[in-house]
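This report describes the ligand surroundings, the helices and strands that pack together, and the nonpolar core of one model. The sequence and structure are shown first.

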Amino acid sequence: MGLLDGKKAIVTGGGSGIGRATCRRMAEEGASVAVLDIDGDAASLVADEIDGVGFGVDVGDPDGLRRVIDAAVASLGGLSLLYNNAGVGGFSRLEEYDPLEWDRILRVNLTGVFAGFRAAIPHMKTGGGGAIVSTASISGTRPAAGEGPYAASKAAVAALTASAALEYGPHIRVNAVSPGMILTTMTKPMFEIFPDQEQRFQRDTPVGRVGAPEDIADVVVFLCSDLSRFVTGQNIVVDGGLTLHGSGVDTLFDHVYGPQSQT
Ligand SMILES: NC(=O)c1ccc[n+]([C@@H]2O[C@H](COP(=O)([O-])OP(=O)(O)OC[C@H]3O[C@@H](n4cnc5c(N)ncnc54)[C@H](O)[C@@H]3O)[C@@H](O)[C@H]2O)c1
């Protein structure tokens, strides 16, 4: 018997990294999964692996996402779980951020989560309830220099989560997960450009390693399952203890811009 037997799940950003690992874990635990990603081919590949359905969509387009979620729900035969996970990063001095890039990060990371709620909640209400998890970040709770719009978008996801939990209880539970440093397509370039960072994360993370997508997927499955039936409105940090020391990428700004560059 699986933790998610009979559940019908939608995962955004499911074509890679944390989202892909979560689609696989959800399927292993008995859920039927719709994989959504801006990269429709990647979504289809993951869907094929887990006997799910794949869709290409930009979560930053609320009406487009609603159309795709409606189609996914029709295909799944209902909706019990939503994982708002699609996200994009960015790194620059704040005064050098192009406003268009600011808008893009906020549109995908924050508006994309709102758009997921907007599209999925009516279906969950019809089905009698459900659970929603969104990917925030340790950057939202312990921001570092150079990640202004990313950090702001993720802090906002945590606030939106708490507000939605108040609004939709008792039938829909709403939580966020805040990953620490996880090796995915998003973070790989940093380790390639600054190879010393891997040792730094091993040293500064109490569990002694960089995280894997499955480390987050397991917590998302927990938050979607009845094991977490008394948990709502929370932002669960899953970082191996990294932020006990400070923020996740607090040495990166000096690496990029040089020491004392913040003054
Ligand atoms: N990797 C980390 O260390 C880390 C840490 C904290 C938070 N996060 C968050 O975890 C989430 C997943 O990131 P990941 O590390 O797995 O990266 P990833 O790049 O491997 O996966 C992100 C996925 O989202 C998709 N995506 C991007 N923009 C989209 C859009 N507009 N619409 C639909 N899909 C879109 C991408 O195509 C990709 O498949 C993101 O929200 C990210 O901010 C990651």
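## Ligand surroundings

Of the 28 residues around the ligand, which come nearest? In this predicted model, they are Gly13, Ser16, Gly17, Gly87 and Thr184. By class, the shell around the ligand consists of 14 polar, eleven nonpolar and three charged residues. The element that gives the most to this shell is helix α1, residues 17–28, with three residues.

## Helix α1

Helix α1 has twelve residues, and its first and last C-alpha atoms are 17 Å apart, close to the 16 Å expected at 1.5 Å a residue. The helix is mostly covered, ten of its twelve residues being buried. Those buried residues are Gly17, Ile18, Gly19, Arg20, Ala21, Thr22, Cys23, Arg25, Met26 and Ala27. Gly17 is thus both buried and among the residues that come nearest the ligand. After α1 comes Gly30, which has a positive phi near 105 degrees.

## Helix α9 and its packing

Helix α9 spans residues 213–224; its twelve residues reach 17 Å from first C-alpha to last, close to the expected 16 Å. Why is α9 described as largely enclosed by the rest of the structure? Nine of its twelve residues are buried, so the remainder of the structure largely encloses the helix. The buried set comprises Pro213, Asp215, Ile216, Ala217, Val219, Val220, Val221, Leu223 and Cys224.

These buried residues pack against helix α1 and against the strands β4 (81–84), β5 (130–135), β6 (172–179) and β7 (235–238). Val220 illustrates the arrangement: leaving aside neighbours within four places in sequence, its contacts are Thr22, Tyr83, Val133 and Val177. Of these partners, Thr22 is one of the buried residues of α1, and Val133 is a buried residue of β5.

## Strands

Six of the six residues of β5 are buried, so this strand is largely enclosed by the rest of the structure. In a regular strand the side chains alternate between the two faces of the sheet. In β5, Gly130, Ile132 and Ser134 point one way and Ala131, Val133 and Thr135 the other, and all are buried. Strands β4 and β5 run parallel and are joined by four bridges; Leu81 lies opposite Ala131 of β5.

Strands β6 and β7 are likewise parallel, with four bridges between them, and Val238 in β7 is the bridge partner of Pro179. The side chains of β7 alternate: Asn235 and Val237 point to one face and are buried, whereas Ile236 and Val238 point to the other and are not.

## Nonpolar core and Leu79

The largest nonpolar core has 70 residues, of which Ile10, Val33 and Val220 touch the most other members. Helix α4, residues 99–127, gives the most to this core, with nine residues. Val220 also belongs to the buried residues of α9.

Where is Leu79 found? Leu79 lies in the loop between α3 (62–76) and β4. Is this residue buried or exposed? Leu79 counts as buried because it has 26 C-beta neighbours inside 10 Å. Leaving aside neighbours within four places in sequence, Leu79 is in contact with Lys8, Ile10, Val73, Ala120, His123, Met124, Gly127 and Gly130. Among these, Ile10 is one of the residues that touch the most other members of the largest core, and Gly130 is in β5. Leu79 and Ser32 are separated by 47 residues in sequence, with a C-alpha to C-alpha distance of 9.6 Å.

Definitions and conventions
Residues are numbered from 1 along each chain as its sequence is written. This is a predicted model: local features need pLDDT of at least 70, side-chain atom pairs count only at pLDDT 80 or more; totals for chains, interfaces and linings use all residues. A residue is near a molecule or strand if its C-beta atom, placed from the backbone, lies within 6 Å of it. Helices (H or I, at least four residues) and strands (E, at least two) are DSSP runs, numbered from the N terminus. Ala, Val, Leu, Ile, Met, Phe, Trp, Tyr, Cys and Pro count as nonpolar, Asp, Glu, Lys and Arg as charged, and the others, Gly among them, as polar. The expected span of a helix is 1.5 Å times one less than its number of residues. A residue is buried if 20 or more other C-beta atoms lie within 10 Å of its own, exposed if 12 or fewer, and partly exposed in between; C-beta atoms are placed from the backbone. Two residues are in contact if their C-beta atoms, placed from the backbone, lie within 7 Å. A nonpolar core is a set of buried Ala, Val, Leu, Ile, Met, Phe, Trp, Tyr and Cys residues joined through C-beta atoms within 7 Å. Two strands pair if DSSP finds at least two bridges between them.
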